[in-house]
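Trainee: Please take me slowly through a single part, the surroundings of the ligand, and explain each term as we meet it.

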Amino acid sequence: MSRKNFGAKPIMLPQPVLIIGTYDENGVPNAMNAAWGITTDFQEITISLSEHKTTDNLAARGAFTVSMATEDQVIPCDYVGIESGRKVPNKFEVAGFHASKSEFVDAPLIDELPMALECKVKSFNDGILIGEIVNVSADESVITDGNVDLKKLRPIAFDPCNNKYVKLGDAVGDAFSCGKKLKG
Ligand SMILES: Cc1cc2nc3c(=O)[nH]c(=O)nc-3n(C[C@H](O)[C@H](O)[C@H](O)COP(=O)(O)O)c2cc1C
């Protein structure tokens with residue numbers, strides 16, 4: 001084994017590509033890309049956020065959605081990560097996204113991204129957003145036998161080593177199960 005040291009970097013593999021949907025104080029939808037996020041409890045998501053139009057909106061509305069970026073929407077999903085709603089107020093529209101209000105929280109679902117978490121802001125301190133997951137919804141088009149089907153949803157991951165979006169592959173094992181072979 002010969003390891004190369006990369007120093008202190010914010011790298012995990014894979015990282016998610018989360019698209020945060022919010023409304024501003026006038027009800028205009030916005031979306032931003034966030035890769036530094038993870039679920040931190042059964043009903044909790046935590047995302048590392050700098051100051052953005054999105055954080056203005058979180059303060060105004062106290063709610064957000066987190067959609068999974070998908071292969072077919074990679075261009076708009078990247079766009080919302082490199083343009084700000086502070087500069088382009090109709091950024092959501094330019095991305096080609098259409099908003100439907102969540103039934104559960106005061107935030108927009110993105111019609112073009114079929115699976116999302118619907119969240120209320122629990123706290124936003126020192127650049128760390130903690131949200132309560134109130135609901136998870138997915139369009140029927142990405143569901144098989146009652147569960148979200150990754151082959152249909154085709155979510156993408158972020159590769160922070162090479163600044164690429166990558167697609168996910170085939171299942172290689174049954175979770176909470178395949179390791180049983182090694183148990184005494
Ligand atoms: C792949 C990718 C991942 C990103 N991850 C984050 C993140 O985790 N946290 C963050 O604050 N900004 C992140 N950004 C930057 C924001 O998406 C970007 O600043 C965006 O313009 C903010 O939009 P807004 O001002 O309309 O809210 C990311 C951008 C890209 C392209």
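Mentor: Helices (H or I, at least four residues) and strands (E, at least two) are DSSP runs, numbered from the N terminus. This is a predicted model, in which local features need pLDDT of at least 70 and side-chain atom pairs count only at pLDDT 80 or more, while totals for chains, interfaces and linings use all residues. Residues are numbered from 1 along each chain as its sequence is written, and side-chain values use heavy atoms, with hydrogens and water left out.

Around the ligand there are 21 residues (each with a heavy atom within 4 Å of it), and those that come nearest are His52, Thr54, Ser84, Gly85 and Lys91. β3 (29-34), α1 (53-61) and α2 (74-82) each supply at least two residues of this shell, and β3 gives the most, with 4 residues.

Three polar contacts (pairs of N or O atoms within 3.5 Å) can be followed one by one. A backbone N or O atom of Asn33 lies 2.7 Å from a ligand oxygen, a polar side-chain atom of Thr54 lies 2.6 Å from an oxygen atom of the ligand, and an N or O atom in the side chain of Lys91 is 2.7 Å from a ligand oxygen.

By class, the shell divides into 8 nonpolar, 9 polar and 4 charged residues, where Ala, Val, Leu, Ile, Met, Phe, Trp, Tyr, Cys and Pro count as nonpolar, Asp, Glu, Lys and Arg as charged, and the others, Gly among them, as polar.

Technical notes. A polar contact is a pair of N or O atoms within 3.5 Å; within protein, one must be able to donate a hydrogen and the other to accept it, and residues adjacent in sequence count only if both atoms are side-chain atoms.
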